[in-house]
Amino acid sequence: MILLNPTYAFLRPSLLHPEQLIDHGKPIHRGRNELYVTEIEGVRLCIKKYGTPNLFQQFVYRYFRKPKGTRAWQNTIMLREAGFGSPEPVAYIQNDSLAGIDDCYYICLYVEGRTLYHWGDSKTIDICREIERFACFAAKLHEAGLMMSDFTPGNILQTKEGFVLVDTNRMRKGFVSVERGLMNMAGLWMQPETAAILARLYAQERGALPIPSYESLYAKYRKLFWCRFARRHGLGDNITHRDLDGSEYTYHFNSVIQ
């Protein structure tokens with residue numbers, strides 16, 4: 001099975017063999033899912049190879065639930081049609097077996113950008129303008145009734161044109177309250193002082209009053225999120241992430257959970 005953006009129909013012969021593209025591509029992430037960057041016929045692509053699902057998941061994705069790659073394809077189109085940044089989808093390729101779905105590949109245009117992990121160890125004054133722009137972006141996204149479940153630093157790229165959402169397979173569409181919007185942003189890396197500014201600006205953009213109560217509510221949501229995260233992953237007072245470009249960022253979240 002292949003879904004192909006008509007704009008890139010000329011790439012079809014190459015896209016039919018994604019494993020060959022991966023062999024000649026540059027790996028930028030290897031884990032449960034793998035990310036590669038490659039270029040064919042002057043088009044720079046990002047290829048995501050999803051981890052092979054277990055037998056039960058193969059059966060479920062084949063007959064009962066849309067696979068992650070299909071959802072990413074549809075959600076990206078929805079975001080772009082609503083005026084929000086997300087890399088243009090090029091193709092989705094799915095190899096099936098008798099048991100169900102086997103290998104899946106999601107291919108989109110490569111977008112040059114910076115994740116938001118650097119917010120974790122940046123001073124508020126260094127990223128104040130970024131926070132202002134992001135508060136506006138998040139408020140408009142939620143006002144449009146769109147909410148990304150994995151609204152985390154690695155799934156939000158900061159580009160010259162604005163913020164871009166990636167890894168969009170988990171999206172919800174419907175009314176997003178101010179409270180739910182703040183909860184949605186609880187996993188962002190930032191210190192309490194910066195988080196208070198984000199909550200204040202976000203509430204202002206949403207026309208929510210009184211502002212101080214939303215700052216306190218956001219602090220509560222963040223404490224709950226990071227306490228659970230620390231317990232689940234057996235962490236101490238901080239977490240370090242190696243970004244796609246090799247940069248390392250450390251988030252000291254002990255002040256959040258105390």
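This passage describes helices, strands, aromatic rings and cysteines in one predicted model.

The model is predicted, and local features need pLDDT of at least 70, side-chain atom pairs count only at pLDDT 80 or more, and totals for chains, interfaces and linings use all residues. Residues are numbered from 1 along each chain as its sequence is written, and side-chain values use heavy atoms, with hydrogens and water left out.

Helices and strands are DSSP runs, numbered from the N terminus; helices are H or I with at least four residues, and strands are E with at least two. Helix α8 covers residues 211-233. The expected span of a helix is 1.5 Å times one less than its number of residues. For the 23 residues of α8 this gives 33 Å, and the end C-alpha atoms are 33 Å apart, so the two values agree. A residue is called buried under 20% relative accessible area, exposed over 50%, and partly exposed in between (1.4 Å probe, protein chains only). In α8 the buried residues are Ile211, Tyr214, Leu217, Tyr218, Tyr221, Arg222, Trp226, Phe229 and Ala230. An α-helix has 3.6 residues a turn, so residues three or four places apart point the same way. Contact means heavy atoms within 4.5 Å. The buried residues of α8 pack against α6 (178-184), α7 (192-206), β11 (238-242), β12 and α9 (254-257).

Other residues of α8 add detail. The charged end of Arg222 sits over the ring of Tyr218, 5.7 Å from its centre. A charge counts as over a ring if NZ of Lys or CZ of Arg is within 6 Å of the ring centre and within 35 degrees of the ring normal. Arg232 also lies in helix α8. Arg232 is exposed, at a relative accessible area of 56%. Its C-alpha atom is separated by 34 Å from that of Gly25, and the two residues are 207 residues apart along the chain. Gly234 follows α8 and has a positive phi, near 60°.

Aromatic contacts come next. Rings of Phe, Tyr and Trp (its six-membered ring) pair if their centres lie within 6.5 Å; planes under 30 degrees apart count as stacked, over 60 as edge-to-face and the rest as tilted. The structure holds 13 aromatic pairs. One of them joins Trp226 and Tyr251, edge-to-face, at 5.0 Å centre to centre and 70° between the planes. Trp226 belongs to α8 and Tyr251 to strand β12 (residues 248-252), so this pair ties together parts that are 25 residues apart in sequence. Both Trp226 and Tyr251 are buried. One aromatic cluster is formed by Phe84, Trp119, Phe134, Phe137, Phe151 and Phe163.

Strand β12 has two faces. Tyr249 and Tyr251 point to one face and are buried, while Glu248, Thr250 and His252 point to the other and are not. Two strands pair if DSSP finds at least two bridges between them. β11 and β12 pair in the antiparallel sense over five bridges. Thr250 of β12 is the bridge partner of Thr240. The two strands, β11 and β12, form a hairpin with five residues between them, and Gly246 in the turn has a positive phi of about 95°.

A second hairpin is made by β3 and β4, with two residues between them. Glu41 in its turn has a positive phi of about 50°. Strand β3 (residues 34-40) pairs with β4 in the antiparallel sense over seven bridges. Val37 stands opposite Cys46 in β4. Strand β4 (residues 43-49) is mostly covered, with five of its seven residues buried.

Helix α4 (residues 68-81) has 14 residues; they should span 20 Å, and the end C-alpha atoms are 20 Å apart, which agrees. Its buried residues include Trp73, Met78 and Leu79. Gly83, just after α4, takes a positive phi of about 95°.

Met147 lies in strand β7 (residues 146-148). Met147 is buried, with a relative accessible area of 4%. Not counting residues up to four places away in sequence, Met147 touches His142, Arg170, Met171, Arg172, Val176, Arg180 and Asn184.

The cysteines come last. A disulfide is a pair of cysteine sulfur atoms within 2.5 Å. The structure holds zero disulfides. Cys136 is in no disulfide, and the nearest cysteine sulfur, that of Cys128, is 14 Å away. Cys136 is partly exposed, with a relative accessible area of 22%. Cys227 is partly exposed at 22% relative accessibility.
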